[in-house]
Amino acid sequence: MRHMMRHCGYLILILLQLRVASAFADPIGGNETDWLKTMTVAAHQTNYSGVFVYQSGGRVEMSRITHVSDADGEHERLEGVGGDRRELIRDNDQVWLYTDGHKVRVDKRQIKRAFPALLPEQLSILKENYSVSRAEEDEVAGYPAHAVVFLPRDNLRYARKMWAHSDSGLLLKAVVLNDRGYVIEQYAFMQLNIGNNVDRKWIVPEKSSASEIAKELHLSPLPKVELLEDSCGWQVDALPPGFRKILEMRRPFRGNKEQVIQMVFSDGLAGISVFVEKVEDASSIHSGLSGQGAAHVYNRIVGGNLVTVVGEVPSRTVIQVGDSVRYAGQ
């Protein structure tokens with residue numbers, strides 16, 4: 001049970017944090033490339049409000065989202081539908097997370113990736129890992145949609161299919177497919193309103209800052225995350241082709257006395273995180289694999305450290321990555 005809780009924690013991390021923004025290439029040229037760029041820009045510049053459903057394995061969640069782009073930048077409100085009250089408000093790179101009981105957490109956003117902004121902002125490396133093709137016209141949430149398919153060039157990542165509004169380019173639906181073509185993860189708008197007629201009362205005033213709000217609410221400061229410019233000494237020898245390190249940091253985790261090392265890699269669409277944490281009793285922890293939907297978790301002991309790999313990739317990939325992690329020294 002203890003190990004299952006550990007795995008669940010990492011699965012939550014991947015769902016909330018590992019949706020990283022990276023870059024992909026100009027795969028097929030011409031009008032299709034322009035369309036992909038339009039999809040990328042639309043997620044940040046379109047005003048919209050609606051309800052979307054997220055499905056992964058047996059997990060189903062509904063969320064209400066409102067997005068406004070104006071002279072002051074991007075503003076986004078995400079509310080959980082059903083269950084405990086939860087609400088996230090983003091003002092550019094600042095985030096306010098309200099949970100049940102009005103407990104507020106204030107943090108600065110470090111990794112920008114969430115539906116419908118799933119496509120990376122720069123188009124540079126995707127061609128190495130995926131072939132991209134235009135698919136059928138369809139309808140999603142009452143809007144005409146243009147579909148694009150991303151097929152991996154190897155068996156170390158998943159295929160993906162995305163539907164975008166034919167006029168604005170806003171992403172309306174996105175699915176992850178396994179090697180048999182079955183949907184294993186999906187985001188899709190059920191109800192959507194595109195345009196300027198959206199509620200703006202919730203937008204955080206530009207003069208407000210995360211630190212000021214935290215002080216007013218008497219919140220304890222969040223544990224500090226240390227971004228590392230130099231390597232921490234841990235190395236991954238068998239990353240799939242095309243995956244690049246985009247972030248390395250030391251961070252608190254699960255009340256550990258020592259900070260945990262986290263390395264984040266991306267191929268433009270898929271993300272992999274490697275966690276390294278010291279454990280007091282390594283003999284009580286066994287290597288293992290778990291997963292839910294498109295996410296897989298694999299851990300193994302290296303010396304007195306627990307190495308855990310979390311990725312939106314097939315199980316063979318997290319095992320390959322995890323078995324190649326080693327300490328190379330400073």
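In which element of the protein chain is confidence lowest, and in which is it highest? In this predicted model, the low end belongs to helix α1, residues 2-17, with a mean pLDDT of 39. At the other end sits strand β10, residues 171-177, with a mean of 97. The stretch over residues 1-30 stays below 50, yet beyond near neighbours in sequence it still has 95 contacts in the model. Those contacts call for some caution. Where pLDDT is low, the predicted coordinates should not be read in detail. For the protein chain as a whole, the mean pLDDT comes out at 80, and 75% of the residues reach 70 or more.

Aromatic rings come next. The structure holds eight aromatic pairs. One of these joins F52 and F189, whose ring centres are 6.0 Å apart; their planes stand at 80°, so this pair counts as edge-to-face. F52 belongs to strand β1 (residues 48-56) and F189 to strand β11 (residues 183-194), so the pair ties together parts that are 137 residues apart in sequence. As for the surroundings of these two side chains, F52 and F189 are both buried.

Y54 and Y187 make another such link. Here the ring centres lie 4.7 Å apart and the planes meet at 45°, so the pair is classed as tilted. Y54 is found in strand β1 and Y187 in strand β11, so parts 133 residues apart in sequence are tied together by this pair. Y54 has a relative accessibility of 5%, which falls under the 20% cut-off, so Y54 counts as buried. Y187, at 9%, is buried by that cut-off too.

How are F52, Y54, Y187 and F189 placed in the wider set of ring pairs? They belong to a cluster, linked by ring pairs, that also takes in Y48 and F115. An aromatic ring also figures in a contact with a charged side chain: K173 lies over the face of W163, and the distance to the ring centre is 4.7 Å. By its number, K173 falls within strand β10, residues 171-177, the element where confidence is highest.

Finally, there is T317, a residue of helix α5, which spans residues 315-323. Is T317 buried or exposed? Its relative accessibility is 0%, so T317 counts as buried. Leaving aside residues up to four places away in sequence, T317 touches L156, R157, P240 and I272.

Note on methods
Residues numbered from 1 in each chain as written. Heavy atoms only, no water. pLDDT = per-residue confidence, 0-100. Helix = DSSP H or I, 4+ residues; strand = E, 2+ residues; numbered from the N terminus. Contact = heavy atoms within 4.5 Å. Buried < 20%, exposed > 50% of the residue type's maximum accessible area, 1.4 Å probe, protein only. Phe/Tyr/Trp six-rings, centres within 6.5 Å; stacked < 30°, edge-to-face > 60°. Lys NZ or Arg CZ within 6 Å of the ring centre and 35° of its normal.
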